[in-house]
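This briefing concerns how helices and strands are arranged in one chain, and it is best read with the structure open alongside.

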Amino acid sequence: MTREPRDAPQFYLTAPSACPYLPGREERKVFTHLVGRRAVKLNDALTQSGFRRSQTIAYRPACENCRACVSVRVLVDDFRPGRTMRRVLARNADVTAAYAPAQATSEQYSLFRGYVDSRHGDGGMADMSVLDFSMMVEDSHVETRLVEYRRPNVDGRNELIACCLTDVLADGLSMVYSFYEPDEAGRSLGVLMILDHIERARALGLPHVYLGYWVEGSRKMGYKSRFLPQERLGMNGWELTV
């Protein structure tokens, strides 16, 4: 008798490692694989439950004595940019944004390397080769796109200054990973990409933009709390923050 393949995902727990957000703490993660015909629906369900995707892995924190990592999603229909965010949009009026296939290019990798070396030189991505980068972009069994942000340079060429790897879900857009030109700090490109994704989700009729984890007290994550109204995933489900 032939046994049918399992449809239920199998979950695994990582060993403790240093927390990248809060000094002196350790983190553990629970993860499963996103492969095959069930990957799309499983990614939707897990993202709505607080998981994040990295290539063909969906993961979420599973720390024994800490609940600092909080999943955050922006409520697209109710969001309106405040004065500071409107200034960001005005400063970037010369920037154009467009979807691109989830295929890595040398131009993207060059931008990625400059961003990581400048902002996260001691992080887990510091040693990523061009092959590693290609895997991050292309190794996906779900609907994944790149959004490229370009501005004209002195030669009249549209230069890549920011990029975001994005999953298209049944209920929103999930910003998997973004990077940008570190020498353009005055443009607030991280904020610009979120504002653009909110408008893209609105145009698609999708109610949410998933921003990943917000950690109170972490400077790296503080900006996410400014995109209101938003929902944060707590012990009682998604809770509104305005």
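Two strands are taken to pair if DSSP finds at least two bridges between them. The model is a predicted one, and by that criterion its strands include an open sheet of eight with mixed pairing. The points below take up the sheet, the helix that packs on the sheet, and a contact between two helices.

**The sheet**
- Read across the open sheet, the order of the eight strands is 8-9-10-11-12-7-13-14.
- The edges are formed by strand 8 (96–100) and strand 14 (237–241), each of which pairs on one side only.
- From one strand to the next, the twist averages 35°.
- Strand 11 (residues 172–180) and strand 12 (residues 208–215) run parallel and are joined by three bridges, and within this pair L173 has V209 of strand 12 as its bridge partner.

**A helix on the sheet**
- Helix 3 (residues 106–119) packs on the sheet, where it touches strand 9 (144–152), strand 10 (158–168) and strand 11, and the direction of helix 3 makes about 75° with that of strand 11.

**Helix 2 against helix 5**
- Helix 2 (residues 83–91) packs with helix 5 (residues 189–204) at an angle of about 95°, the two axes being 10 Å apart.
- Because angles of 65 to 115 degrees count as roughly perpendicular, helix 2 and helix 5 are therefore described as roughly perpendicular to each other.
- On the helix 2 side the contact involves M85, V88 and L89, which meet V191, L192 and L195 in helix 5.
- Classed by residue type, this contact of helix 2 with helix 5 has six nonpolar residues, with no polar and no charged ones.

Conventions: Residues numbered from 1 in each chain as written. Predicted model: local features only at pLDDT ≥ 70, side-chain atom pairs only at ≥ 80, totals over all residues. Heavy atoms only, no water. Axes fitted to C-alpha atoms, helices over the stretch in contact; angles between N-to-C directions. Helix = DSSP H or I, 4+ residues; strand = E, 2+ residues; numbered from the N terminus. Parallel < 35°, antiparallel > 145°, perpendicular 65-115°, else oblique. Contact = heavy atoms within 4.5 Å. Nonpolar A, V, L, I, M, F, W, Y, C, P; charged D, E, K, R; others polar.
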